[in-house]
Amino acid sequence: MRLAADVIRRGGLVAFPTETVYGLGCDALNPEAVARVFEVKQRPSFDPLIVHIVTRASLDRLVETISFGDHRLMDAFWPGPLTLVLPKREQVPDLTTAGLPTVAIRMPAHPVARALIREAGVPIAAPSANPFGYVSPTCAQHVVDGLGDRVDLILDGGPCPIGVESTIMSMVGTWPELLRPGSITLTEIREVIGPVVRAAASRTVVAPGQLPRHYATGTPMSILGAQGARPVMHGHERAGLLAMSAPVYADERFCAIEVLSPSGDLREAARNLFAALRRLDALGLDRLYAEPCDEQGLGLAVMDRLRRCAVPLK
Ligand code: TXA
Ligand code: MG
């Protein structure tokens, strides 16, 4: 951990586990380090990073104001998988926030992430540790597969317990707005702050996690009409199935089937989602078919990721 913190302080890049997905971390206040993160991920510079902290006291250096609603959300969900978009202070580099007047901040709960930030003594900017647009990493091997030796150090903390990215909320507009559905559900947030609007898909990009195609496999994917629906396949198509729960029928037309949760538990399904997508993608099949799930609770985040994965390339 001392070595990792040292790498961060010297402007290097450390991949580390969080409760959601693995992050590719650097000193959030060092523009050169942040530039390397963009380069390594091949991330477009219009896509701002999330800054990770361990104490609320560090907000003083990073943000101008914190609304009452933000405070309530922090009280309810920090540390944990909730990211808040707040008006930034000048000393947060423009590169970190892609020139936006706001900065996205999250206080992770994962002990390895927390130890790293604490030991480094600086806020850590970290996007998911995958090449831009690809499926997020939920274990250290995924980081090795995607970024390999372009990262200075990888901290292996085992598989991520949640498996989908943090929920992103912004209170800087007229209404509290959900920018990215994640593991903290809309219902949980509404219980704390009341009405929340969902960001319009057509809006100019404030969160490229909202880009139509993102979290995407190389293999084209289609979403089935319902759980248990049988796809119409073309000719000799070699296809894989991503099933939400144990399939109700045996379809021998599939070359491979990944079951996200045999008992149909959404938490388990979310935890397994990205690893299953990567395994199916590695088979070099012609097409993947994914079963949908109910867009309730965590299901909203799962369907958001599946839809963005299923958007055709052109
Ligand atoms: O769970 C997570 O949030 C993970 C772990 C590593 O913490 N991180 C993550 O980072 O998912 P990334 O870079 O893959 O996604 C960050 C999202 C992007 O869609 C970005 O556009 C949005 O946060 N974002 C960052 N700063 C923003 C801002 N100032 N306003 C609006 N959206 C912002
Ligand atoms: Mg990402």
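The exercises below, each with a worked solution, concern a predicted model.

**Exercise 1.** Find the order of the 4 strands in the open sheet with parallel pairing, and state which strands stand at its edges.

Solution.
- Step 1. Read the strands across the sheet: the order is S11-S14-S12-S13, and the pairing is parallel.
- Step 2. Look for strands that pair on one side only: these are S11 (221–223) and S13 (254–259), the edge strands.
- Step 3. Going from one strand to the next, the twist averages 20 degrees.
- Step 4. Take one pairing in detail: S12 (residues 239–243) and S14 (residues 287–290) run parallel and are joined by 4 bridges. Within this sheet, Leu241 has Tyr289 in S14 as its bridge partner.

**Exercise 2.** Determine which strands helix H9 and helix H10 lie across.

Solution.
- Step 1. Helix H9 (residues 266–281) lies across S11, S12, S13 and S14. Its direction is at about 170 degrees to S12.
- Step 2. Helix H10 (residues 299–310) lies across S11, S12 and S14, and runs at about 135 degrees to S11.

**Exercise 3.** Classify the ring pair formed by Tyr215 and Phe274, and say which parts of the chain the pair ties together.

Solution.
- Step 1. The model has 2 aromatic pairs. For Tyr215 and Phe274, the ring centres are 6.3 Å apart and the planes stand at 15 degrees.
- Step 2. Planes under 30 degrees apart count as stacked, so the pair of Tyr215 and Phe274 is stacked.
- Step 3. Tyr215 is in the loop between strand S10 (197–198) and S11, while Phe274 is in helix H9, so the pair ties together parts 59 residues apart in sequence.
- Step 4. Both Tyr215 and Phe274 are buried. Arg305 lies over the face of Tyr215, 4.9 Å from the ring centre.

**Exercise 4.** Describe the surroundings of strand S2 in the open sheet of 10 strands.

Solution.
- Step 1. The order is S7-S1-S2-S6-S3-S5-S4-S8-S9-S10, and the pairing is mixed. S7 (153–154) and S10 are at the edges with a single partner strand each, so one side of each has no neighbour in the sheet.
- Step 2. S1 (residues 14–16) pairs with S2 in the antiparallel sense over 3 bridges. The two strands form a hairpin with 6 residues between them. Phe16 has Gly23 in S2 as its bridge partner.
- Step 3. S2 (residues 23–27) also pairs with S6 (residues 124–125), in the antiparallel sense over 2 bridges. Cys26 stands opposite Ala125, and Asp27 stands opposite Ile124.
- Step 4. In S2, 5 of the 5 residues are buried, so the strand is largely enclosed by the rest of the structure.

**Exercise 5.** Examine three of the 16 salt bridges: Asp152 with Arg36, Glu237 with Arg287, and Arg305 with Asp304.

Solution.
- Step 1. Asp152 and Arg36 meet at 3.1 Å, N to O. Asp152 lies in the loop between helix H7 (140–147) and S7 and Arg36 in helix H2 (residues 31–41), so the pair ties together parts 116 residues apart in sequence.
- Step 2. Glu237 and Arg287 have their closest N and O atoms 3.8 Å apart. Glu237 is in the loop between S11 and S12 and Arg287 in strand S14, 50 residues apart. Glu237 is buried, with a relative accessible area of 14%, whereas Arg287 is partly exposed at 23%.
- Step 3. Arg305 and Asp304 meet at 2.6 Å, N to O, and both are buried. Shared partners join Glu165, Asp304, Arg305 and Arg308 into one network of salt bridges.

Notes. Residues are numbered from 1 along each chain as its sequence is written. Chains are lettered from A and ligands numbered from 1 in the order in which they are written. This is a predicted model: local features need pLDDT of at least 70, side-chain atom pairs count only at pLDDT 80 or more; totals for chains, interfaces and linings use all residues. Side-chain values use heavy atoms; hydrogens and water are left out. Two strands pair if DSSP finds at least two bridges between them. Axes are lines fitted to C-alpha atoms, for helices over the stretch in contact, and angles run from 0 to 180 degrees between N-to-C directions. Contact means heavy atoms within 4.5 Å. Rings of Phe, Tyr and Trp (its six-membered ring) pair if their centres lie within 6.5 Å; planes under 30 degrees apart count as stacked, over 60 as edge-to-face and the rest as tilted. Buried means under 20% relative accessible area, exposed over 50%, partly exposed in between (1.4 Å probe, protein chains only). A charge sits over a ring if NZ of Lys or CZ of Arg is within 6 Å of the ring centre and within 35 degrees of the ring normal. A salt bridge is a side-chain nitrogen of Lys or Arg within 4 Å of a carboxyl oxygen of Asp or Glu.
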